[in-house]
Structure formats: structure tokens, C-alpha cells
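The following exercises concern the packing of helices and the setting of selected residues. Please work through each task before reading its solution.

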Amino acid sequence: MNNFFSIDGGLYKFMSRLLDMLKLNVLWLLCSLPIVTMGAATTAAYSITLKMVDEREGYVARTFFKEFAANFKQGTALGIIQLVAAYAIYLDFQLYEYALKYNTVFLIIGVIAILMTFLHTVYAFPLIARYENTLLKSMRNSYMIMIRYFPNTIFMVIILVVEMIVIFWNYTTVFLGILIGPACIMLTISGFALRAFRKVEYQSEGEHAVSGDEESEGEK
């Protein structure tokens, strides 16, 4: 019992991790307020959640702002791509709702657009946070990892859906979700992403990290 409450005990580690998650979530929210910088903030947050999964995180704020600056260009570009894709999908479903003819076509296009956006971006932010590569290669490698480890991704999606259900369960959980929800979602994705990255790194036998069609990334 004494070990549980000690500085090396489970309670202390849990509270320390919870505090770090709260800090990270606040930093992500603040740096995402201009909207166009949401991608850079997300990349910076993933650089920390990947370290959390790897049990080697340090100072949250210091690391966040360092990675925010280092990955600002690629992170912002990917964030803008996601925003444009999301708006295009929104317009497509508006057309589906109000179209008098061929509305099924708009539905199919919307579903395909959601799937393709997810395929090319779900692992892209963690890839940018962990490896040195171009934006287009990171997006393509996200697609390759998604296809190669499809069961792993499906399981991740199920967990993310459960997390979203819990967050939107009632007003109290929505409030808690605002405080810590995005960081928890990114931590979940980081856990699955890091597992896939390590498998690819192991299979490539230390040549270069994540590779798709012989195009690879070097770990930062």
C-alpha cells in the first residue's frame, strides 16, 4: 500500500500522466485557435504522445513549443489539407441532402472522400512528428501503413469510436472531453502508430524507417 502512494507508485504516476495530458491539451487548444495552425499544434502534440507511449517524455511545454516550431511548415500544410478536405466533404453532403436527382452519387463521393482523407492522414501527423520526410511521402506512407496493418487500424478505430461515445455521453463528459479529450485521442492513435512504426522499422532491418515503395523516412 505504501508503494502505491510513493513517488514511484501507481497513483503518483497516474496523476503525473494526467497532469501532463491536461497541459498538453491546453497547449493544443491554445495553439489551434487560429485554425490554420491546428496542424502544427497537432504535430507538436503527437511528438509528445509518441514519447509518452515510449515512456520517455520530458517537459511538456518546452517540448511542445520546440516541436511546434520545428514542424510548423509541414504540420500547418497538412492541417490546411485536412480543413479543405473536411469543407469539401461538408459541401458534398449538403448537395446530397438537397439534390433532387442523383443524390446517391453525392453520398458515394462523400463516403469515398472521408475514407481517402482518413487513409492518407490518420498516421501522417505521427509520421511527421517522428520522422524526417516530405509531406507527400508522409501522406503516402500513412496510406501504406493503413493498408499493411489494416486489422490494427480497425481495432484503433473501434477504440476511438468508444472514446468519442464516452466524451459525448452527457454534458459532464463533454466538459471533461474539452479538457482532455483531444490529447487522449492522440495518445490512443500514437500507441497504435508506434506499434506499426516499430514493426516496419524491424522489417527494414535498420536501413531507413518507414518505407513505402522504397521511399523511406529517417527517424528524428
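**Exercise 1.** Identify which residues of α3 meet which residues of α10, and describe the geometry of this packing.

*Solution.* Step 1: on the α3 side, the participants are T42, A45, Y46, T49, L50, M52 and V53, and on the α10 side they are A183, M186, L187, I189, S190, G191 and L194; contact means heavy atoms within 4.5 Å. Step 2: by class, the residues of this contact comprise ten nonpolar, four polar and no charged. Here Ala, Val, Leu, Ile, Met, Phe, Trp, Tyr, Cys and Pro count as nonpolar, Asp, Glu, Lys and Arg as charged, and the others, Gly among them, as polar. Step 3: the axes of α3 (residues 38-53) and α10 (residues 171-203) come within 8 Å and cross at roughly 60°. Axes are lines fitted to C-alpha atoms, for helices over the stretch in contact, and angles run from 0 to 180 degrees between N-to-C directions. Step 4: α3 and α10 are therefore oblique to each other; angles under 35 degrees count as roughly parallel, over 145 as roughly antiparallel, 65 to 115 as roughly perpendicular and the rest as oblique. Step 5: the crossing of α3 and α10 is right-handed, a term for the near helix being turned clockwise from the far one by less than a right angle, with anticlockwise giving left-handed.

The model is predicted: local features need pLDDT of at least 70, side-chain atom pairs count only at pLDDT 80 or more, and totals for chains, interfaces and linings use all residues. Residues are numbered from 1 along each chain as its sequence is written, and side-chain values use heavy atoms, with hydrogens and water left out.

**Exercise 2.** Determine whether T49 is buried or exposed, and list what T49 touches.

*Solution.* Step 1: T49 is placed in helix α3. Step 2: its relative accessibility is 0%, so T49 counts as buried; buried means under 20% relative accessible area, exposed over 50%, and partly exposed in between (1.4 Å probe, protein chains only). Step 3: leaving aside residues up to four places away in sequence, T49 touches L24, A183, M186, L187 and S190.

**Exercise 3.** Describe how α3 packs against α5.

*Solution.* Step 1: the axes of α3 and α5 (residues 72-98) lie 6 Å apart, at an angle of about 120°. Step 2: that angle makes α3 oblique to α5. Step 3: the crossing of α3 and α5 is right-handed. Step 4: G39, A40 and T43 of α3 make the contact with F72, G75, T76 and G79 of α5. Step 5: the residues of this contact are two nonpolar, five polar and no charged.

**Exercise 4.** State how α9 is oriented relative to α10, and which residues meet.

*Solution.* Step 1: the axes of α9 (residues 150-167) and α10 come within 10 Å and cross at roughly 170°. Step 2: this makes α9 roughly antiparallel to α10. Step 3: from α9, the residues N152, F155, M156, I159, L160, E163, M164, V166 and I167 meet T173, V174, G177, G181, C184, I185, T188, I189, F192 and R195 of α10. Step 4: this contact has twelve nonpolar, five polar and two charged residues.

**Exercise 5.** Locate I35 and characterise its phi.

*Solution.* Step 1: I35 lies in the loop between α2 (10-32) and α3. Step 2: phi of I35 is near 70°, a positive value in a residue other than glycine. Step 3: most residues other than glycine have a negative phi. Step 4: with a relative accessible area of 42%, I35 is partly exposed.

**Exercise 6.** Place T134 and R140, and give a C-alpha separation for each.

*Solution.* Step 1: T134 is in the loop between β1 (131-132) and α8, and its relative accessible area of 38% makes T134 partly exposed. Step 2: the C-alpha atoms of T134 and Q74 are separated by 7.9 Å, with their positions 60 residues apart along the chain. Step 3: R140 is in helix α8 (residues 135-148), where 33% relative accessibility counts as partly exposed. Step 4: R140 and Y123, 17 residues apart along the chain, have C-alpha atoms separated by 9.7 Å.

**Exercise 7.** How many helices and strands are in the protein chain, and what share of the residues is buried?

*Solution.* Step 1: the protein chain has ten helices and four strands. Helices (H or I, at least four residues) and strands (E, at least two) are DSSP runs, numbered from the N terminus. Step 2: of the 220 residues in the protein chain, 39% are buried.
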